[in-house]
Amino acid sequence: MDTSRLDSCGWSSFRPELFFDEPGRKSRQVGPSVLNIIEKYSPGRRILDLCCGGGALSIFLAEAGCQVSALDLSEPMLAVFRKRLANSDPRIHQQVTLVHDDVCTFDLGQKFDFIILEDDFFGYLLTDQDQVACLSRVRRHLTSNGRFLLANKTPDIEFGESSSYDFDPQTRILTRPQDWTTVDPNGKRTTIRKGIERRRVIDPDELNRLLDLTGFDILHRWGDLDQTPFQDPASQEYVFLMQAAQVPPPPAAETNQD
Ligand SMILES: C[S@@+](CC[C@H](N)C(=O)[O-])C[C@H]1O[C@@H](n2cnc3c(N)ncnc32)[C@H](O)[C@@H]1O
């Protein structure tokens with residue numbers, strides 16, 4: 001498996017155990033909000049959780065009765081996922097399938113009712129080609145009335161997150177030092193590893209163009225996973241709920257997507 005995309009965006013420097021509820025570390029509680037969206041808008045419960053990381057969301061959804069395929073390119077992250085799964089209710093084990101693969105090239109030979117790409121992952125795809133390849137893979141794996149949920153930070157939040165960064169306006173790639181930190185039960189923070197993070201700042205017009213090119217219709221534009229309507233500049237995230245457009249993308253776009 002080619003894992004070079006983990007190096008390009010900086011994920012290889014990450015310490016995956018941080019996603020396994022280290023003492024005092026706040027875990028993201030997006031499960032109930034995502035489940036709410038699934039219950040309201042998904043035609044079924046076959047879910048694909050892309051870039052699933054340590055699996056908190058996938059396991060939450062499986063516990064809620066979903067059949068979840070969870071994909072990630074990092075073997076160490078999947079190891080954290082397996083550990084968490086082993087500690088979960090054995091009745092859900094059959095409902096979770098782990099996949100070691102790349103979002104830009106995966107081909108699972110099945111379709112899903114609901115595909116999730118959240119936690120700001122889209123910004124880790126650093127080129128037009130990778131972004132189009134990923135969106136194209138998603139479209140091919142959606143059932144005809146399936147839904148695709150994409151959540152990513154807005155440019156204001158990307159730039160506001162740290163005071164020291166390099167930004168290349170040509171590529172829109174932002175490079176910044178990334179300190180991986182634990183927080184103990186008293187709130188004391190300890191930096192345990194330093195690395196570099198590289199993200200592509202997502203311009204809204206460009207995102208709309210890519211979604212159009214790859215054959216998606218946007219059904220809802222929210223500013224968070226709680227379905228607050230998107231408001232510029234107040235919203236911190238683009239949260240789009242989409243479906244595959246009736247008209248497939250032009251063949252030229254399809255060819256570019258592999
Ligand atoms: C922000 S983390 C996701 C964390 C996850 N939401 C959680 O709470 O555990 C991003 C994930 O994307 C994965 N990743 C990075 N590049 C990838 C790629 N090209 N294909 C698949 N997964 C990738 C990383 O290994 C990492 O687990």
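Helices here are DSSP runs of H or I at least four residues long, and strands are runs of E at least two long, numbered from the N terminus. With that in hand, welcome to a tour of a predicted model.

**View 1. The whole protein has 8 helices and 10 strands.** Start by stepping back to take in the full chain. The C-alpha trace spans about 55 × 50 × 40 Å along its principal axes. A compact globule of 258 residues would have a radius of gyration near 18 Å, and the protein agrees, with 18 Å. Buried residues make up 39% of the 258. Look also at who touches whom: among contacts with a separation of 6 or more, 72% join residues 24 or more positions apart.

**View 2. The ligand has 21 residues around it.** Which of them come nearest? They are Cys 51, Gly 53, Gly 54, Leu 73 and Ser 74. Two elements give two or more residues to this shell, helix 1 (4–9) and helix 3 (56–63). Helix 1 gives the most, with 3 residues. Sorted by class, the shell has 13 nonpolar, 3 polar and 5 charged residues.

**View 3. Helix 3 is largely enclosed by the rest of the structure.** Here is one of the helices from the ligand's shell again. Why do we call helix 3 enclosed? Because 7 of its 8 residues are buried, each of these having 20 or more other C-beta atoms within 10 Å of its own. The buried residues are Ala 56, Leu 57, Ser 58, Ile 59, Phe 60, Leu 61 and Ala 62. What covers them includes helix 2 (31–41), strand 1 (46–50), strand 2 (67–72), helix 4 (75–86) and strand 3 (96–100). After helix 3 comes Gly 65, with a positive phi near 105°.

**View 4. The largest nonpolar core has 64 residues.** Some members are especially well connected. Those touching the most other members are Ile 47, Leu 50, Ile 115, Ile 116, Leu 117, Phe 148 and Leu 150. Take Leu 150 as an example: leaving aside its neighbours within four places in sequence, Leu 150 is in contact with Leu 117, Phe 122, Phe 240 and Met 242.

**View 5. Asp 130 is a buried residue in helix 5.** Is Asp 130 buried or exposed? Asp 130 counts as buried because 20 C-beta neighbours lie inside 10 Å. Beyond its neighbours within four places in sequence, Asp 130 is in contact with Cys 104 and Leu 125. Now find Arg 5, which is 125 residues away from Asp 130 along the chain. The C-alpha atoms of Arg 5 and Asp 130 are separated by 9.5 Å.

**View 6. Asp 120 and Arg 172 each have a positive phi without being glycine.** For Asp 120 the angle is about 65°, and for Arg 172 phi is near 60°. Where do they sit? Asp 120 is in the loop between strand 4 (112–117) and helix 5 (128–140). Arg 172 is in the loop between strand 6 (166–168) and strand 7 (173–183). Asp 120 is partly exposed, with 17 other C-beta atoms within 10 Å. Arg 172 also counts as partly exposed, with 17 C-beta neighbours inside 10 Å.

**View 7. A cis peptide bond joins Asp 232 and Pro 233.** What is omega at this bond? The angle is about 5°. Pro 233 is found in the loop between strand 9 (216–222) and strand 10 (237–244).

Conventions
Residues are numbered from 1 along each chain as its sequence is written. This is a predicted model: local features need pLDDT of at least 70, side-chain atom pairs count only at pLDDT 80 or more; totals for chains, interfaces and linings use all residues. A residue is near a molecule or strand if its C-beta atom, placed from the backbone, lies within 6 Å of it. Ala, Val, Leu, Ile, Met, Phe, Trp, Tyr, Cys and Pro count as nonpolar, Asp, Glu, Lys and Arg as charged, and the others, Gly among them, as polar. The radius of gyration is taken over C-alpha atoms; the globule rule is 2.2 Å times the number of residues to the power 0.38. A residue is buried if 20 or more other C-beta atoms lie within 10 Å of its own, exposed if 12 or fewer, and partly exposed in between; C-beta atoms are placed from the backbone. Two residues are in contact if their C-beta atoms, placed from the backbone, lie within 7 Å. A nonpolar core is a set of buried Ala, Val, Leu, Ile, Met, Phe, Trp, Tyr and Cys residues joined through C-beta atoms within 7 Å.
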